[in-house]
Amino acid sequence: MSSPHQNSDTAACTATSQIHGGAAAQTGLRPVVPPVHLSAAYEFATLRDAREAFAQREVGFTYSRTGSPTVALLERRMAELETGTGAVATASGQAAIALTLLALAGSAGQSPDGRAYPQTPAGHVIASAKIYGGTADLLNDSLADAGITVTWMDPRNPAQWAEAITSQTRALLVESIGNPHADLPDIAALAEVAHSKGLPLLVDNTLASPYLLQPAKLGADFVIHSATKYLSGNGTALAGVVVDTGRFNPNAEPTKWPQFTAATPRFGNTCLVERYGAGAVLHLIRAKYLHDLGPCLAPWSAQQVLEGIETLDVRVDKHCRNAEALAERLLTHPAVQRVRHPSVPGDPNAKAAIRHFPRGTGAVLSFELAGDYRDVEQFINALGLFKLAANIGDSRSMVAHPASMTHCRLTPELREAGEITEQSIRLAVGRENPEDLWTDLEKAFVAAGLGKNDTSTAPARQETTV
Ligand SMILES: *Cc1c(COP(=O)(O)O)cnc(C)c1O
């Protein structure tokens, strides 16, 4: 079991920046811990100040739907941890993905003046077929309703992605560690494909967190998180964030991106790149989509995430070591057909893991149970310590059956491309004692009639340390 590499090239996601990143000097009572600002609105001294702030000619908080001090601290901290230029926080990871795709591929982006016309078809997105079920629902259903089309691609075949790009394509989307099978795509190669056509690569970094990987360093243009998971780490608040890495420049091909490069009445007949330069995309996400659609992050939830981030390194190390220990043991269990985690010898992602993930590849793993659906049901129902719940990144270990839970609405084609079978079981390994977790799994194998019936021939079990 490798120890955490403190000197790897993941500078900027350090324990210090996890705790202090983005914090400004406190005035007034000077609390050591940044306070939670629970206020829906922010007061103006004069009508002139209000007018200028609402017209976005001056910066300042107006109403908490588009920003508040506690949420802004989370945004600055995430921008720092992901080596970005700025961030927008949202009510959930799902909202962060939705708003980013609407800003980049919505129908306003296809109109000469950046205004949406009902008759103008929206843009096209190429997304990894090995993806969180909620993201698949979003693209297959709600964003499809908004006219955005999608092509699903194998994340480990960048050449296919290049072929799928059309004149309508506006974004490429991939998960740095795929949910549920922990696939590791070649982010650098996908970034190259995207950039060769002037397109941004969006990386959902939820399963890795910036502690394990900073996609900006591999060429990602936007890094998206469900902060509900490892960033929060305590299974309480839902939250999302999108970080702009400062790479994407809509002005390089202005006619392709009128929502940023053309003057619109929405923004006082000025264009966003002129007014906000590199911040144009985040400004559209915040001032149009977050403002109009309203999936804003509550200050109290932002505080939960900020508190979680302070211990990100310590927690994620333990998550990873626990997951590695269980993956290793599952591998030798006769009732397990296949274990998917990059730490497992011979895993197709092992090489990418060594190259890009010196600290580990996270704590989501899956395995194929050697049995039928009834066995799967008995096995899952017999687990005690592993909660049957649709979350990851909590202190508590969780089990999920993707085919009937997180990925239940996938089309048969997407389920096949994502290799989600009736036998696929996802574990989100928590931070309990690994021996207790293994005991729980063993007990469930026995309850399902899948125990090691002859322990004398079972491979000697290694004492794993964490
Ligand atoms: C959970 C999850 C999301 C959605 O985030 P919410 O905060 O639940 O809305 C998106 N992507 C991945 C990889 C996830 O695991």
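The following paragraphs lead from the central sheet of this predicted model, through the helices packed on it, to the ligand site and two details of the backbone.

The sheet is open and consists of 7 strands, arranged in the order β1-β7-β6-β5-β4-β2-β3 with mixed pairing. Its edges are formed by β1 (86-90) and β3 (149-153), each of which pairs on one side only. Ignoring direction, neighbouring strands of the sheet are turned by 20° against each other on average. Within this arrangement, strand β4 (residues 169-175) and strand β5 (residues 201-204) run parallel and are joined by 4 bridges. Leu 172 has Leu 201 of β5 as its bridge partner.

Two helices may be described in relation to these strands. Helix α4 (residues 93-105) lies across β1, β2 (124-128), β4, β5, β6 (222-226) and β7 (240-244). The direction of α4 makes an angle of about 150° with that of β6. Helix α11 (residues 280-293) lies across β1, β6 and β7, and runs at about 25° to β1.

Helix α4 also leads to the ligand, since among the elements of the structure α4 gives the most to the surrounding shell, with 3 residues. There are 15 residues around the ligand, and those that come nearest are Gly 93, Asp 204, Ser 226, Thr 228 and Lys 229. By character, the shell divides into 5 nonpolar, 7 polar and 3 charged residues.

Several polar atoms of the protein approach oxygen atoms of the ligand. For Gly 93, a backbone N or O atom lies 2.8 Å from a ligand oxygen. A polar backbone atom of Gln 94 is 2.9 Å from an oxygen atom of the ligand. Asn 179 contributes through its side chain, a polar atom of which lies 3.2 Å from a ligand oxygen. How much of the ligand's accessible area does the protein cover? Of the 370 Å² that the ligand has on its own, 94% is covered by the protein.

Asn 179 also takes part in a backbone feature: a cis peptide bond joins this residue to Pro 180, with omega of about 15°. Pro 180 is located in the loop between β4 and α7 (187-196). A second feature concerns Arg 30, which is not a glycine yet has a positive phi of about 50°. Arg 30 belongs to the loop between α1 (15-20) and α2 (47-54). Both features merit attention because most residues other than glycine have a negative phi, and most peptide bonds are trans.

How values were computed
Residues numbered from 1 in each chain as written. Predicted model: local features only at pLDDT ≥ 70, side-chain atom pairs only at ≥ 80, totals over all residues. Heavy atoms only, no water. Near = heavy atom within 4 Å. Polar contact = N/O pair within 3.5 Å; in protein donor to acceptor, adjacent residues only side chain to side chain. Areas by Shrake-Rupley, 256 points an atom, 1.4 Å probe, with all protein chains shown as cover. Nonpolar A, V, L, I, M, F, W, Y, C, P; charged D, E, K, R; others polar. Pairing = 2+ DSSP bridges. Axes fitted to C-alpha atoms, helices over the stretch in contact; angles between N-to-C directions. Contact = heavy atoms within 4.5 Å.
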